[in-house]
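Please open the model in your viewer and keep the selection tool at hand, since this tour moves from one stop to the next by residue number.

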Amino acid sequence: MKIESKLVHAGDRKKAGNFIPVTTPIYTAASYFYDSMGQLDRVMGREEEGPSYARYDNPTNNALEELVNTLEGGGGAVACSSGMAAMQLGVMTALLDRPKRIVAANVLYGATVSMLMKILEPFGVETTWVDICDLAAVERAVSETKPGVVIMETVSNPLLRVGAMDKIAEIAHRAGAPLLVDNTFATPLLVRPLELGAGIVVHSATKYMAGHGDVLGGIVVSTDDHCGTIRTLSRTVGPVMSPFEAYLTMRGIKTMGLRVERQCANACQIASWFSSHPSIERVHFTGDPAHPDAATIARLFPKNLYGAMISFELKGGREEVFRFMERLRMIVRATSLGDVHTMILYPAMASHRDLSPKHRARLGIHDGLVRISVGIEAPEDIIADLDQAL
Ligand SMILES: Cc1ncc(COP(=O)(O)O)c(C=O)c1O
């Protein structure tokens, strides 16, 4: 070979030796080489396992998919470029051969609401919004509209309401629709929706799974009956996760148990401190015995692991919230959640910015509402920072 060809080929396409890496490496290859055309034909025809092209499969992503699928107890998983890509794949899967109608919880992550209202509706997919904690209302909406899918979050954002997922799954199934659950806030450590009857689970892996604020990713997991469709849609449309993000997410998940336990314990202390603070009107926390869904939480969540998200209503409005948030020294003002560091967000300005003030008020998202994602720091430091800012 001349040097121009050596530049391109030397050193590449070596079979790995007789060893197995202890952790999964990052495979950046866009396509894969096989010894014979016959083998490539079998791989492309799915008669033999193996990657052929990065939009179809990637060994790093496949390892993450196997990990999350095992945690959620599913039939298969697909890693996506973001939580919203996972949500879109989940909804498209459910509706592909079902009626193009949705029953959705009326309090959902803002971008999910926007996706249903501003993207799917113009495509002719109608959504009926329902209070997911009112089972009679869910039953009525499902029997009246006969939807192709019912959508809810395990813990709603930002008011932290918890619907009776097992009962909602039964209602959906009776109408022939799968229940799709966004399990981002709970993680499979707290709640595993597929065990409670859901058909499809989505995660923003950006949050607790990756856990360190350096990944954008999502994952969709399902029971056996949806796996083939999800994989086909992903291979066709291509909202796949980058292998570097898959590597970081796998690395993050290894410590998710330790992180989430610590975050939940910290959140219990902070919520109880908030509840007696004179500047705070109301606290929303899933570990509060007086939570409006306490009976459902006791039934679905493990004891002492109630999640690490807290929302609270500051006396006053936007101005008081801005002043308080600007005074924080350690707690990070940023749009995300589930990271190792404590983060704070103003829903009216961030996650629910796209909704009109009237729509927000109808959902109970008041101008004084602040959401905090509790991190793994020493609880005394988190409380001290909140205290001086309040
Ligand atoms: C509950 C929930 N679901 C989905 C998403 C979307 O995830 P991503 O930002 O990874 O697309 C978010 C993002 O904040 C979220 O909070």
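Begin by selecting Leu160, which counts as buried because its relative accessibility is 1%. The model you are looking at is a predicted one. Leu160 sits in the loop between strand 4 and helix 7, and although Leu160 is not a glycine, its phi is positive, at about 60°. Most residues other than glycine have a negative phi, and most peptide bonds are trans.

Stay in this part of the chain and select Asn157 together with Pro158, where the peptide bond leading from Asn157 to Pro158 is cis, with omega near 10°. Pro158 belongs to the loop between strand 4 (149-153) and helix 7.

Now go to Lys146, which lies in the loop between helix 6 and strand 4. Lys146 has a positive phi of about 45°, although it is not a glycine. Is Lys146 buried, partly exposed or exposed? With a relative accessible area of 48%, Lys146 is partly exposed.

The next stop concerns charged side chains, and by the rule used here the count of salt bridges comes to 11. Select Glu139 and Arg174, whose side chains meet in a salt bridge with an N to O distance of 3.1 Å. This pair links distant parts of the chain, for Glu139 is in helix 6 (residues 135-145) and Arg174 is in helix 7 (residues 165-174), 35 residues apart. Glu139 is partly exposed, with a relative accessible area of 36%, whereas Arg174 counts as exposed at 56% relative accessibility.

Keep Arg174 selected and add Glu170, with which Arg174 also forms a salt bridge, the closest N and O atoms being 3.9 Å apart. Arg174 and Glu170 are separated by about one helical turn, because they are four residues apart in helix 7.

For another such pair, select Glu48 and Arg42, which meet through their side chains in a salt bridge of 3.0 Å, N to O. Glu48 is partly exposed, with a relative accessible area of 24%, and Arg42 counts as partly exposed at 35% relative accessibility. Then select Arg46, Asp57 and Arg235, which are linked in a network of salt bridges.

Turn next to the open sheet, in which five strands follow the order 8-9-12-11-10 with mixed pairing. Its edge strands are strand 8 (280-284) and strand 10 (332-333), each of which pairs on one side only. Strand 10 runs parallel to strand 11 (residues 343-345), and two bridges join them; selecting Val332 will lead you to Met343, its bridge partner in strand 11.

Within strand 9 (residues 309-314), select Glu313. Which side chain of opposite charge is nearest to Glu313? It is Arg282, 4.3 Å away, and Glu313 is buried yet has no salt bridge. The reason this pair is not counted is that a salt bridge needs the side-chain nitrogen within 4 Å of a carboxyl oxygen, so a distance of 4.3 Å does not qualify. Leaving aside neighbours within four places in sequence, the residues in contact with Glu313 include Ser279, Ile280, Glu281, Arg282 and His284, as well as His366, Gly368 and Leu369.

For the last stop, select Ile3, Leu7 and Val8, which make a nonpolar surface patch of about 350 Å². Val8 is placed in helix 1 (residues 3-9), and at 54% relative accessibility Val8 counts as exposed.

Conventions. Residues numbered from 1 in each chain as written. Predicted model: local features only at pLDDT ≥ 70, side-chain atom pairs only at ≥ 80, totals over all residues. Heavy atoms only, no water. Patch = residues over 30% accessible without salt bridge, like charges linked within 9 Å, V, L, I, M, F, W, Y side chains within 5 Å. Areas by Shrake-Rupley, 256 points an atom, 1.4 Å probe, with all protein chains shown as cover. Buried < 20%, exposed > 50% of the residue type's maximum accessible area, 1.4 Å probe, protein only. Lys, Arg positive; Asp, Glu negative; His and termini not counted. Contact = heavy atoms within 4.5 Å. Pairing = 2+ DSSP bridges.
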